[in-house]
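Here are my notes on the model, set out as numbered points. Please read them with the structure open.

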Amino acid sequence: MLIDNILNYFYSGLNSSNLLVSILFIAIYAILISIMISVFAYVFGWVERKMIAKVQRRHGPNRVGKWGLLQNLADLVKLITKEKIIPEDADPLLLNLAPILLVGVVTFIILLMPFSSYLQATNLGLGLLIIFVILGFTPILLFITGYATGGKFAELGAQRSVLMLISYEIPMIIVVATVGIAAGSYNLTSIMNMQSGLFNAFLMPIGFFIFFVVMLAELERPPFDLREADSELIAGWLTDVSAPYYAVALMLDYTRMFMGSLLIAILFFGGWSGPILPGILWLVIKAFVISLFIILVRVAVVRMRVDKILKTGWMYLLPLSIVNLLLTLIIVLK
Amino acid sequence: MAITRINIGPVHPSTHGVARLVVDLDGDTIVKVEPHIGYLHRGVEKLVENRIYMQSPPYMEKIDYVAPMAVDELYVATVEKALNVDVSEKASYARIILLELQRIASHLFFIGSVTNDLGQSFTGFMWGFMDRDKVLRLLENATGQRMFYVNMRLGGINREFPKDFEYETKEFLDYFEKRLKDYENFIEKNPIFIQRMKGVGILNLDDAINLGVTGHVLRASGVKYDVRKNNPYYKYSELNFHPKILSDGDNLSRFRIRVMEIRESIRLIRDSFYKMESADGSMVGMPVKLFSPKPTNKISIVNRELPRGEGLMYMVADDKKPYRLSMRAPTFINLAALNKIAKGHKLADLFSIFGTLDMVMADVDR
Amino acid sequence: MSIEKKDLVKSIEQAYSEGYTYLVKITAVDYVKTVNVIYILRSLDKNQDKILECELDPANLSVETITHIYEGADWYEREMQEMFGVRINGRKAKRLILEKWDGKGYPLRKSFEWGKPYEKE
């Protein structure tokens with residue numbers, strides 16, 4: 001087939017023995033991925049507004065474009081064209097650098113993910129571990145955004161995000177390790193191949209549950225959106241900065257959500273495995289459905305308090321993740 | 001650790017109007033809260049001294065813009081007492097129906113704003129407002145206005161109920177009883193909601209009495225005081241009214257009392273419609289005229305159970321105008337208790353406490 | 001019930017010990033010749049209200065604080081001080097209740113003319 005041929009050609013380019021060609025292809029791939037991320041973030045901005053509106057018995061955006069599809073574009077243009085104000089206490093270098101680095105981290109992680117057996121920047125043996133090492137940078141970058149603005153609300157938000165970090169990082173790593181043990185490899189492709197019979201979500205439901213909760217915290221989706229708790233901290237680090245940063249922060253939220261859903265899809269729902277449709281579509285569809293769930297959670301729950309999150313992390317998630325590890329060992333090793 | 005002082009408000013997403021709270025924080029824990037009020041002070045008590053009696057109700061309605069009719073009724077009842085005007089039996093029931101509908105609307109506002117304060121992306125808020133709007137439509141049908149009714153007249157209300165009002169109200173109540181179960185399942189039984197509310201913001205019985213808090217805050221702390229029961233006005237004594245009392249004194253009790261009170265109001269409205277059929281007299285009061293009867297009582301004190309707590313008016317009557325009108329605003333004294341309740345809690349809880357105290361800043365400042 | 005200024009705190013304390021533990025309202029009325037301070041107390045057990053009225057001389061407007069009996073009295077006293085100029089002796093917090101008013105006079109006194117343009121002190 002034509003598509004397969006193109007992908008095949010692309011794949012050989014990515015893994016070319018010539019370093020220059022390889023770098024060129026990876027750059028092209030990165031651009032394509034960035035475009036996909038942006039499209040996804042845009043679509044999700046719309047889907048979230050529309051879906052929440054439906055639950056809340058409203059109409060949602062319905063004026064700009066068909067079904068309000070262009071509403072977010074209009075908002076984005078409005079936000080970006082507004083005056084850019086940086087407060088006096090802020091550190092402009094860090095403030096501008098942190099969002100860019102965050103985008104970089106997210107893109108890099110998605111680059112490492114296999115979209116089909118051909119589409120992958122590089123097939124690393126320890127891909128899973130590398131992804132989580134890089135993911136570990138995001139809370140630090142978010143923390144920096146909090147301190148860089150110099151506001152008290154942002155500072156409080158930053159403190160909270162660090163507290164949250166302590167509570168969910170360890171269960172997350174244990175669950176990830178469990179997935180690796182079950183697959184017998186930290187290679188993402190083999191993890192997906194391992195799930196061709198039974199998805200990890202069904203093999204280790206406890207692990208899936210923990211990972212989903214932890215991902216909500218990692219992505220700072222409600223009920224863990226403490227850093228930007230609008231009724232308490234106004235908007236966290238966005239309180240003192242002006243509109244363009246808000247636009248960036250919104251886009252960042254959705255790209256991070258995309259990344260999180262992709263991770264869940266790969267680790268627990270077999271990644272690109274599925275009948276008829278090509279693998280890349282399956283992966284995106286799965287990520288899409290998972291994102292819908294993440295959004296639905298937002299509608300239903302109230303925000304958690306930081307000490308309760310700590311308690312949940314240490315008292316429930318950590319023991320559960322160890323139980324999950326033991327159960328998986330029993331099943332896998334028989 | 002160093003104490004951080006942050007300034008919240010006057011414009012803030014969850015201060016229910018323009019309140020300014022100066023909060024001293026130790027890390028994320030509250031050391032002291034000092035409410036600064038007065039941003040909405042309009043001097044209603046002074047304005048009233050320069051108006052003839054029935055010119056004032058529009059001002060009264062703006063005191064508590066969430067439940068305007070209740071404050072209006074309190075004022076008109078005070079004037080009625082001063083001028084010695086009787087309210088007919090039928091008008092009493094009509095007023096009870098309208099006031100209880102107003103109470104439901106106000107409590108729905110409360111449910112919505114509390115869930116919003118807790119950070120539930122507007123779902124409870126939209127639900128509450130959606131159903132509140134249905135109540136407002138009923139009230140519009142009965143009074144002719146959607147929000148600021150000005151429908152209280154000396155000795156009654158401004159006009160007869162329209163023919164379809166009773167049917168529509170009963171239809172709404174049937175719908176709303178079912179809908180209230182949704183609220184309970186979706187909000188009140190939500191584990192994270194309970195986690196955030198239970199045991200938070202406890203005000204024990206002695207403190208509640210000593211601080212003089214009122215309304216649902218007092219009843220959530222276990223004090224059996226509801227003006228409708230203890231000092232019944234109109235026909236509340238004939239309606240077999242049961243005040244709702246819980247004893248935990250925390251946020252969850254304050255929230256649950258509100259939901260229980262909505263149920264009680266629904267029952268009261270049904271009963272009143274039933275009893276109104278055999279009631280005597282006309283529900284229409286005196287038209288507003290430049291010359292009203294001469295006051296017979298120099299000093300009249302009237303208290304009413306407003307949706308937000310006990311309201312009391314102390315009026316010294318003059319010939320045409322009030323010589324002095326002093327109002328006890330329920331939220332004013334509940335806000336005074338904020339420091340005591342919120343001390344030692346996390347910053348996140350400050351807003352749930354502030355929300356469950358049910359602040360309307362216009363009412364605080366008057 | 002009318003009481004003398006010097007007996008004020010004593011009679012409120014006595015009322016408290018009689019079971020009037022709930023303070024409903026503190027307010028004042030300016031009768032030009034006198035300014036009356038009114039305390040409305042309530043007994044929750046007996047379901048009864050008690051109204052204490054105290055006449056003050058406009059030249060010497062001050063009462064003792066009752067915050068040591070009723071904690072909730074604080075805000076009412078602050079409001080009264082701001083609106084009527086009734087000085088509250090023995091009150092700890094010096095800040096008034098509403099935002100600072102730097103005009104002349106006390107708004108709810110009869111000498112305060114309504115509708116006049118704002119005049120700075």
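What share of the contacts in chain B with a separation of 6 or more comes from residues 24 or more positions apart? The answer is 70%. Keep in mind throughout that this is a predicted model.

1. **Chain B overall.** Chain B has 15 helices and 8 strands. Its radius of gyration is 20 Å, and the globule rule gives 21 Å for 366 residues, so chain B is as compact as a globular protein of that length. Along the principal axes, the C-alpha atoms of chain B fill a box of roughly 65 × 45 × 35 Å. Buried residues account for 54% of the 366 in chain B.

2. **The N-terminal sheet of chain B.** Three strands make an open sheet here, in the order β1-β2-β3 (chain B), and the pairing is antiparallel. Why do β1 (3–8) and β3 (29–36) of chain B each have one side without a neighbour in the sheet? Both stand at the edges with a single partner strand, so one side of each is left free of a neighbour in the sheet. On average, neighbouring strands of this sheet are turned by 20° against each other, direction ignored. Strand β2 (residues 20–26) of chain B runs antiparallel to β3(B), and 7 bridges join the two. To find the register, start at B:Arg20: its bridge partner in β3(B) is B:His36.

3. **A second sheet in chain B.** This sheet is also open, with 3 strands in the order β6-β7-β8 (chain B) and antiparallel pairing. β6 (299–306) and β8 (322–328) of chain B are the edge strands, and each pairs on one side only. Here neighbouring strands are turned by 15° against each other on average, direction ignored. Strand β7 (residues 309–317) of chain B pairs with β8(B) over 6 bridges, in the antiparallel sense. B:Ala317 stands opposite B:Pro322 of β8(B). A helix packs on this sheet: α3 (residues 68–83) of chain B, which touches β6 and β7 of chain B. The direction of α3 makes about 155° with that of β6(B).

4. **Where B meets A.** Contacts link 27 residues of chain B with 26 residues of chain A. Which elements of chain B each supply at least two residues of the side that touches chain A? They are β1, α4 (89–117), α5 (123–143), α7 (191–197) and α14 (347–356). The side of chain B that touches chain A has 11 nonpolar, 11 polar and 5 charged residues.

5. **A helix of chain A.** Look at α6 (residues 137–148) of chain A. Its 12 residues reach 16 Å from first C-alpha to last, close to the 16 Å expected at 1.5 Å a residue. Its buried residues include A:Leu141, A:Leu142 and A:Phe143. A:Gly146 is also among them. The buried residues of α6(A) pack against α4 (92–112), α5 (127–135) and α7 (152–183) of chain A. After α6(A) comes A:Gly150, with a positive phi near 80°.

6. **Chain C overall.** Chain C has 2 helices and 6 strands. Along the sequence they follow the pattern β-α-β-β-β-β-α-β. Of the 121 residues in chain C, 35% are buried. Residues 24 or more positions apart make 48% of the contacts in chain C with a separation of 6 or more.

7. **Strand pairing in chain C.** Strands pair through backbone hydrogen bonds, either parallel or antiparallel. Parallel or antiparallel: how do strand β1 (residues 2–3) and strand β4 (residues 48–56) of chain C pair? They pair in the parallel sense, over 2 bridges. C:Ser2 stands opposite C:Glu53 in β4(C). Strand β3 (residues 35–43) of chain C pairs with β4(C) in the antiparallel sense, over 9 bridges. C:Val37 has C:Cys54 of β4(C) as its bridge partner. β3(C) and β4(C) form a hairpin with 4 residues between them. In the turn, C:Asn47 has a positive phi of about 55°.

8. **Where C meets B.** In this interface, 21 residues of chain C are in contact with 26 residues of chain B. On the chain C side, β2 (22–30) and α2 (73–84) each supply at least two residues. β2(C) gives the most, with 6 residues. The residues of this side divide into 13 nonpolar, 4 polar and 4 charged.

How values were computed:
Residues are numbered from 1 along each chain as its sequence is written. Chains are lettered from A and ligands numbered from 1 in the order in which they are written. This is a predicted model: local features need pLDDT of at least 70, side-chain atom pairs count only at pLDDT 80 or more; totals for chains, interfaces and linings use all residues. Two residues are in contact if their C-beta atoms, placed from the backbone, lie within 7 Å. Ala, Val, Leu, Ile, Met, Phe, Trp, Tyr, Cys and Pro count as nonpolar, Asp, Glu, Lys and Arg as charged, and the others, Gly among them, as polar. Two strands pair if DSSP finds at least two bridges between them. Axes are lines fitted to C-alpha atoms, for helices over the stretch in contact, and angles run from 0 to 180 degrees between N-to-C directions. A residue is buried if 20 or more other C-beta atoms lie within 10 Å of its own, exposed if 12 or fewer, and partly exposed in between; C-beta atoms are placed from the backbone. The radius of gyration is taken over C-alpha atoms; the globule rule is 2.2 Å times the number of residues to the power 0.38. The expected span of a helix is 1.5 Å times one less than its number of residues.
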